[in-house]
Each structure stands twice: as C-alpha cells, then as structure tokens.
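Here's a quick look at the pockets and the surface of this protein. Have the structure open as you read.

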Amino acid sequence: MPEALTTSPLPSATEPGPETGPEPGPERPARSAWWRFGLLVLLLGACAGSLLLWSPTDLLSGGLADRMPGYWFAPLFTLVYAVGTLAFVPRPALNAVAGLLLGIQQGVLLAVLGTTLGAAMAFALGRGLGREALKPYLRGKVLGALDQRFTEQGFRSVLVLRLLPGLPFQAGNYGAAFSGVRFLPFLLATAIGVVPTTAVYVTAAASADQPGSAAFLVSAGVIALLVIGSLVGLWRAAAARRRIQAG
C-alpha cells in the first residue's frame, strides 16, 4: 500500500505572525507630568526671584532675636534658613550668619536643622513634581547607573554626595529627588553629611573677632582646603569632558 503523501500545514491567515516592527521606545511621560515639572520650575524661579524683595541673611541678622520671643526664635531661624536654601542662597552665607548671631554650638545645631529641613522641602518638591517627567531620561548608560546606585545604596550615595567639596547643595537635593533614593535614607544622610562643612563655616564666623585663635585658624584652613578641592574637582570634570568630546 503506497505511503500517504504528507503536506506541511499552511499558516492560517488568522494566526498572528511574528512581530517585525521596531521595538517600542521608552514610554513618554504623561502630559500631566510635564505640567507638574513646569510648576516646579516656576516655584523655584519664584523662590530665587523673591530675593529681590527680601534677604534671608539680612532677616536672620537684622534683630530677629530681639523682635521674637525666645521660644519662637529657634523654629523661625530654622524655617528662614530652610527657605533660604530653597531660594538658592549659598549655605556658607547662611552658616556665617548663624555663627555671628548664635555662636558655635547653637549656630551649628540650628544650621544643621535648617539645612536638613530645606533639603526635605526640596526633595518633596522634586520627587512630587519632577521625577515622573524626567524618569524616562534616566535610562542612559551614565544616568541609569547613577539612578541604580542611588536606588540600591541610597544612604551611602547621599552621604558621599554631602561630603564632596564644591557640589552645590541644591543640585544634590534635586538630583537625589529625581533618582530612586528613598526619603528617610536621604534625610538621615543629609543630616549627618552636612555637619562637617556646617561646623567649619559657623566656627569661622563665630571666631572672626579673634583671628589669632585656634578655632578661627583651623576653620579658615579647612575652608581654604575645601575651596582648593572644589577647584580641583571642577578642573578634573572639565578635563574629563574635553577627553570625551575629543574621543
């Protein structure tokens, strides 16, 4: 009996074939995310522009302690300091006011509290209004690696960020907010990491009337080292950028 002829089944016209189209790209953020990011930019611009109408350093050093009851002074000083950081006032200037007005111990304490509060406010704004819009752009080789590091090692990464000389405080706040670091590790690392530089600037200002004292000489020397470290860091970053562009 002859063998039956076998034929391979034809593909059904209704069965889906293999996908041959281009791979989908990164999902674009919703329009509402860009609206929130625009609101963040407006708020930060308003904070910076408000310095045309008021000065945190002048308010802190302009008789605030005399006009407020003692139990209100510390919370108000901390709040003004925090808002000053949101308005992009350099922290060394705020720390100098704290040292001149409060001395070393109380100045360091309230400056660290104000710094931490300002960082928490900036983190909340950046995380709530900016991260969703910028998240799709954190998938490159460099930015993606940084985002992963901050997500997995949040406390250590933020602590190193705070200890690095020359890095703008506000840039660190919003950079961490746009990453995946959690709020509590960010806050704890900030509170610990800003203590050394805060103490140096507060001590230098508090002992400025005694330029020959050990406190002033040591703090001034450390400030000089921080400035040199910042310049070296900027030079190395510029050299690395030139090498990348040349290669």
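## The largest pocket

The largest pocket holds about 460 Å³ of space. A pocket here is an open set of points on a 1 Å grid over the protein atoms alone, where a 1.4 Å probe fits, with protein on both sides within 12 Å along at least five of seven lines. Keep in mind that this is a predicted model: local features need pLDDT of at least 70, side-chain atom pairs count only at pLDDT 80 or more, and totals for linings use all residues. Residues are numbered from 1 along each chain as its sequence is written.

Lining this pocket are 21 residues (each with an atom within 4 Å of a point), with Arg91, Pro92, Gly166, Leu167 and Phe169 nearest the centre. Helices (DSSP runs of H or I, at least four residues) α5, α9, α10, α12 and α13 each chip in at least two lining residues.

## The second largest pocket

Next comes a pocket with about 360 Å³ of space. Its lining has 17 residues, and Leu146, Asp147, Phe150, Leu161 and Gly175 sit nearest the centre. α8 (141–152), α9 and α10 each give two or more residues to this lining.

## A nonpolar patch outside

On the surface, Phe155, Leu184, Leu188 and Ile192 make up a nonpolar patch with about 370 Å² of accessible area together (Shrake-Rupley method, 1.4 Å probe). Patch residues have over 30% relative accessible area and no salt bridge (Lys or Arg side-chain nitrogen within 4 Å of an Asp or Glu carboxyl oxygen), with nonpolar side chains joined within 5 Å. Helix α11 (residues 183–193) brings the largest share, three residues.

Notes. Heavy atoms only, no water. Patch = residues over 30% accessible without salt bridge, like charges linked within 9 Å, V, L, I, M, F, W, Y side chains within 5 Å. Points joined across faces, edges and corners; volume = space filled by probe spheres on them.
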